[in-house]
Amino acid sequence: FNSILMYFLFLSAIMAIQCFLEFSTLPHIANIIIFIYCFVSCFIVQISPDNVLVKLLLFPCLLFGMQNGAAYGNNVFYFYLVFSVLVNCAFTLLGLYKFKKADIF
């Protein structure tokens, strides 16, 4: 259950970032940026798996239970869980702020 919860929280964070990027760029450019960010994230964390700061900066790698501690029952899982909620809140608020400033009509 922990691994699935974390997966959906970080997946929603990635979608919130994409929505935020779509206010300033074209949708296909935002999609390419998110794809490259996720790929680089998973690749770099495989090189240095014990660096917590790298995992926080490249948080799409935390989608998977092997990286976020859910598979092994590590205590660091709860830290990443709180981080995922904060990232979701931050990008949702940034998206709402950007939406209010956008001229959609």
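How many helices and how many strands does the secondary structure of the chain come to? Colour by secondary structure and count: 5 helices and 0 strands. Keep in mind throughout that this is a predicted model.

**Whole chain**

Trace the chain from its start. The pattern reads α-α-α-α-α along the sequence. Show the C-alpha atoms alone and turn to the principal axes; these atoms fill a box of roughly 50 × 25 × 20 Å. Now colour by burial. Of the 105 residues in the chain, 33% are buried. A contact map is worth a glance too. Among contacts with a separation of 6 or more, 52% join residues 24 or more positions apart.

**Stop 1: H1 and H5**

Select residues 2-22, helix H1, and residues 76-101, helix H5. Their axes lie 9 Å apart, at an angle of about 25 degrees. H1 and H5 are therefore roughly parallel to each other, since angles under 35 degrees count as such. The crossing is left-handed.

Show the side chains where the two helices touch. On H1, pick Asn2, Leu5, Met6, Leu9, Phe10, Ser12, Ala13, Ala16, Ile17 and Phe20. On H5, the partners include Phe77, Tyr80, Leu81, Phe83, Val87, Phe91, Leu94 and Lys98. Colour this contact by class: 16 residues are nonpolar, 5 polar and 1 charged.

**Stop 2: H1 and H2**

Keep H1 and add residues 27-47, helix H2. The axes of H1 and H2 come within 9 Å and cross at roughly 140 degrees. This crossing is right-handed.

Which residues of H1 meet H2? Select Ile14, Ile17, Gln18, Leu21 and Glu22. Facing them from H2 are Pro27, Ala30, Asn31, Ile33, Ile34 and Cys38. By class, the contact of H1 with H2 holds 8 nonpolar, 2 polar and 1 charged residues.

Ile17 deserves a label. This residue takes part in the contact with H5 and in the contact with H2.

**Stop 3: the core**

In soluble globular proteins, nonpolar side chains tend to be buried together. Here, the largest nonpolar core has 22 residues. Select Phe10, Ile14, Ile34, Phe59, Leu62 and Phe83, which have the most contacts inside it.

Which elements give two or more residues to this core? They are H1, H2, helix H3 (52-57) and H5. H1 gives the most, with 6 residues.

**Last stop: Phe83**

Centre the view on Phe83. Leaving aside residues up to four places away in sequence, Phe83 touches Phe10, Leu56 and Phe59. Phe10 also belongs to the H1 side of the contact with H5, and Phe83 to the H5 side.

Key
Residues numbered from 1 in each chain as written. Predicted model: local features only at pLDDT ≥ 70, side-chain atom pairs only at ≥ 80, totals over all residues. Heavy atoms only, no water. Axes fitted to C-alpha atoms, helices over the stretch in contact; angles between N-to-C directions. Helix = DSSP H or I, 4+ residues; strand = E, 2+ residues; numbered from the N terminus. Parallel < 35°, antiparallel > 145°, perpendicular 65-115°, else oblique. Left-handed = near helix turned anticlockwise from the far one by under 90°. Contact = heavy atoms within 4.5 Å. Nonpolar A, V, L, I, M, F, W, Y, C, P; charged D, E, K, R; others polar. Core = buried A, V, L, I, M, F, W, Y, C linked by side-chain atoms within 4.5 Å. Buried < 20%, exposed > 50% of the residue type's maximum accessible area, 1.4 Å probe, protein only.
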